[in-house]
Amino acid sequence: MIASINTVKSQNPDFLKIIEYGIKAPSGHNTQPWKFKLKEKSIEIHPNLDKTLPVVDGNHRELYISLGCALENICVAASNFGYTSQADILQKDSVYIIEIKLQKTESLKADPLFSQIEKRQTNRSIFKSKMISADTLVMLQRMRTNPNVSMFYYKKGEPEFETLSKYIYTGNEIFYNDKAFRKEVLTWMRFNKKDVLKQNDGLAYNTVGSPSLPKWLGRPIVSSFLTPKKQNKSEEDKIKTTSHFVTFTTNDNTPKGWILTGQSLENYWLHCTELGIAVAFSNQPCESASLASEISKQLPINNELPMLLLRIGYADPMPYSVRKTLKDVIIE
Ligand SMILES: Cc1cc2nc3c(=O)[nH]c(=O)nc-3n(C[C@H](O)[C@H](O)[C@H](O)COP(=O)(O)O)c2cc1C
């Protein structure tokens, strides 16, 4: 049950501040599929099953990845407010929740990634045609992931980069020919500022490069762009300016593995933000079970399933996505 304003106000103010940063995590279609429960010495992240994406994420894989991203933000932010954190993933009936035990610790050094949480964003623009240097790539490749999670890089021009591009185009063919998928995307599109601020979630017009339009006009116009041909044309322009594709894979294809993948993703993304590297998704092949399994056989990724496919490079910042407020996401 969503907590009353008075209950929210009576909670540990440090924990509330920490959760403010959890909320800034990325999530599929900006659904923000989380709820937070405050305990005396811990914060729990619960899935919000009213915010699922049944078509593109029927098994809640991306939902749990999003919860893992919120987990990472909470751990990083906790250090800034003087708390060490220790997370456990617990199964309760058919759902998984994350319990983060927090302990106030004197003279704890804040995680330097803290200042990147507010700067991180999904950048869906056409990037600048600038490659990531070999030295920077080495730094990226050294970054830690959780056990069972791996990352692989594909440089533009390499055969695997071309293979992945083809899978992205095929993924667009599959999804944008699917009426249910298009309907789901439209449900989460927000066509103008008023529409954005009504629910403080979803894909805002300015973050996907659309003009602000009244909903009655925006909906048919955006709908007319949701075709495989138009999406692949736009994708082609984006791929041309991509420096590298990055896949995240796991050998633990369970909600626990997905949460740990999300935590690694967010940690990586904050590092990229620090280095001025733009991150966007070309996730379609991972969202199709058959394409994901083909990729697993075709690319040298230890026969693991690709969970996420990112494109990285350099770009000017885009407008930021909105978030719900604390009172919408705290439960009793
Ligand atoms: C698991 C996951 C999957 C995502 N898939 C896509 C995707 O396929 N295409 C896309 O443009 N963005 C994708 N995103 C990015 C979200 O749309 C984005 O995080 C959200 O709109 C909030 O924006 P922000 O990241 O700029 O804060 C995904 C994010 C997550 C966490």
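Among contacts in this protein between residues at least 6 apart in sequence, 76% join residues at least 24 apart. Keep in mind as you browse that this is a predicted model.

**Overall build**

Let's begin with the whole chain. The protein has 13 helices and 11 strands. Its radius of gyration is 19 Å, close to the 20 Å that the globule rule gives for 332 residues, so the protein is as compact as a globular protein of that length. If you lay the C-alpha trace along its principal axes, the protein spans about 55 × 50 × 40 Å. Of the 332 residues, 39% count as buried.

**Two domains and where they meet**

The protein is divided into domain 1 (5-119 + 320-331) and domain 2 (134-313). The C-alpha centres of domain 1 and domain 2 lie 22 Å apart. Across the boundary, 30 residues of domain 1 are in contact with 28 residues of domain 2. On the side of domain 1 that touches domain 2, H3 and strand S4 (95-104) each supply at least two residues. H3 gives the most to that side, with 11 residues. By residue type, the side of domain 1 that touches domain 2 divides into 16 nonpolar, 9 polar and 5 charged.

**The nonpolar cores**

In soluble globular proteins, nonpolar side chains tend to be buried together. Here, the largest nonpolar core holds 64 residues, and Ile43, Leu67, Leu71, Ile74 and Ile259 touch the most other members. Helix H3 (residues 61-80) provides the largest share of this core, 12 residues. The core also draws at least three residues from each of domain 1 (5-119 + 320-331) and domain 2 (134-313).

Which residues does Leu67 contact, leaving aside its neighbours within four places in sequence? Leu67 is in contact with Trp34, Ile45, Pro47, Ile98, Ile259 and Gly262. A second, separate core has 6 residues, including Met189, Phe191, Leu203 and Tyr205.

**Around the ligand**

The ligand is surrounded by 16 residues, and the closest are Pro26, Asn30, Phe281, Asn283 and Ser321. H3 turns up here too: the largest share of the shell around the ligand, 4 residues, comes from H3. The shell divides into 5 nonpolar, 9 polar and 2 charged residues. Both domains take part, as the shell draws at least three residues from each of domain 1 (5-119 + 320-331) and domain 2 (134-313).

For a side-by-side look, here is the make-up of the shell and of the domain 1 side.

| Set of residues | Nonpolar | Polar | Charged |
|---|---|---|---|
| Shell around the ligand | 5 residues | 9 residues | 2 residues |
| Side of domain 1 that touches domain 2 | 16 residues | 9 residues | 5 residues |

**Two backbone spots to look at**

Most residues other than glycine have a negative phi, and most peptide bonds are trans. Gln32 is not a glycine, yet has a positive phi of about 50 degrees. You will find Gln32 in the loop between helix H2 (13-22) and strand S1 (34-38). Is Gln32 buried or exposed? Gln32 is buried, because 26 other C-beta atoms lie within 10 Å, and the cut-off for a buried residue is 20 or more.

Ser107, also a residue other than glycine, has a positive phi, near 50 degrees. Ser107 sits in the loop between S4 and helix H4 (134-141). With 5 C-beta neighbours inside 10 Å, Ser107 counts as exposed, since the cut-off for an exposed residue is 12 or fewer.

Terms used. Residues are numbered from 1 along each chain as its sequence is written. This is a predicted model: local features need pLDDT of at least 70, side-chain atom pairs count only at pLDDT 80 or more; totals for chains, interfaces and linings use all residues. A nonpolar core is a set of buried Ala, Val, Leu, Ile, Met, Phe, Trp, Tyr and Cys residues joined through C-beta atoms within 7 Å. Domain bounds come from an automatic or database domain assignment. Two residues are in contact if their C-beta atoms, placed from the backbone, lie within 7 Å. A residue is near a molecule or strand if its C-beta atom, placed from the backbone, lies within 6 Å of it. Ala, Val, Leu, Ile, Met, Phe, Trp, Tyr, Cys and Pro count as nonpolar, Asp, Glu, Lys and Arg as charged, and the others, Gly among them, as polar. The radius of gyration is taken over C-alpha atoms; the globule rule is 2.2 Å times the number of residues to the power 0.38.
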